[in-house]
Amino acid sequence: MPAQLPERRVILVTTTPSIEGHPIEAYLGLVSGEVILGANVFRDMFAGLRDFFGGRAASYERVLEDARQRAVQEMQAACDKRGGNAVVGVDLDYEVVGSKGSMLMVSVTGTAVRI
């Protein structure tokens, strides 16, 4: 189960190395979040092949979006544990893993900072 942030705590996330108008007070180290989707997820998604006929695989996109959000939430929780309130320089990657390429890993990394 991915780590959950308290609803009141906001951790800014950006791919840029800084946040305009907010000087970085402290660099708190690398933080990351990872989610791995197993083969069953893909079988379930492809059961609804009709999504493909519209030009987009809506069920596949929903699963990927959920995985991305969960990975970002884990990264934000790691930032919060270090006392940060933002993550800069964020990189998002999707990778096929497993001996038969049957799983998809969504990983997100960045630098936790206090602004």
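Let me start with a pairing you can find in the structure above: strand E2 and strand E4, which covers residues 103–114, run antiparallel to each other and are joined over 11 bridges. Before I go further, please keep in mind that this is a predicted model, and that every value I mention was computed from it. One pair of residues shows how the two strands line up, since the bridge partner of Leu 37 is Leu 104 in E4.

Now let us place that pair in the whole sheet. The sheet is open and has four strands, in the order E1-E3-E4-E2, and the pairing among them is mixed. Strand E1, at residues 12–13, and strand E2, at residues 26–37, stand at the edges with a single partner strand each, so one side of each is left without a neighbour in the sheet. If you follow the chain along its sequence instead, you meet the elements in the pattern β-β-α-α-β-β, which gives two helices and four strands.

How much of the chain is buried? Of its 115 residues, 33% are buried. The chain exposes about 7300 Å², and carbon and sulfur atoms supply 52% of that area. It is also worth asking what share of the contacts with a separation of 6 or more comes from residues 24 or more positions apart. The share is 77%.

A single residue in helix H2 lets us look at such a case. Val 72 belongs to this helix, which spans residues 58–81. Is Val 72 buried or exposed? Its relative accessible area is 15%, and because the limit for a buried residue is under 20%, Val 72 counts as buried. Once its neighbours within four places in sequence are set aside, Val 72 is in contact with Val 13 and Val 108. Val 13 is part of the edge strand E1, residues 12–13, and Val 108 falls within E4, residues 103–114, so that, by the run of residues that defines each strand, the helix residue touches both of these strands. Val 72 and Val 106 are 34 residues apart in sequence, while their C-alpha atoms are 9.6 Å apart in space.

Let us stay with helix H2 and turn to its charged side chains. Side chains of opposite charge can pair when their charged atoms come close. The structure holds two salt bridges. In one of them, the side chains of Glu 65 and Arg 68 meet at 2.7 Å, N to O; these residues are three apart in helix H2, which means that about one helical turn separates them. Glu 65 is partly exposed, at a relative accessible area of 32%, and Arg 68 is partly exposed as well, at 26%.

Arg 70 forms a salt bridge with Asp 66, and here the closest N and O atoms are 3.4 Å apart. Both residues lie in helix H2, four residues apart, or about one turn of the helix. Arg 70 has a relative accessible area of 29% and is partly exposed, and Asp 66, at 37%, is partly exposed too.

I will finish in a loop. Thr 14 sits between E1 and E2, and its side chain makes a polar contact of 2.8 Å with the side chain of Thr 16. Beyond its neighbours within four places in sequence, Thr 14 is in contact with Ile 19, Val 87, Val 88, Gly 89 and Val 90.

Notes
Residues numbered from 1 in each chain as written. Predicted model: local features only at pLDDT ≥ 70, side-chain atom pairs only at ≥ 80, totals over all residues. Heavy atoms only, no water. Pairing = 2+ DSSP bridges. Polar contact = N/O pair within 3.5 Å; in protein donor to acceptor, adjacent residues only side chain to side chain. Contact = heavy atoms within 4.5 Å. Buried < 20%, exposed > 50% of the residue type's maximum accessible area, 1.4 Å probe, protein only. Areas by Shrake-Rupley, 256 points an atom, 1.4 Å probe, with all protein chains shown as cover. Salt bridge = Lys/Arg side-chain N within 4 Å of Asp/Glu carboxyl O.
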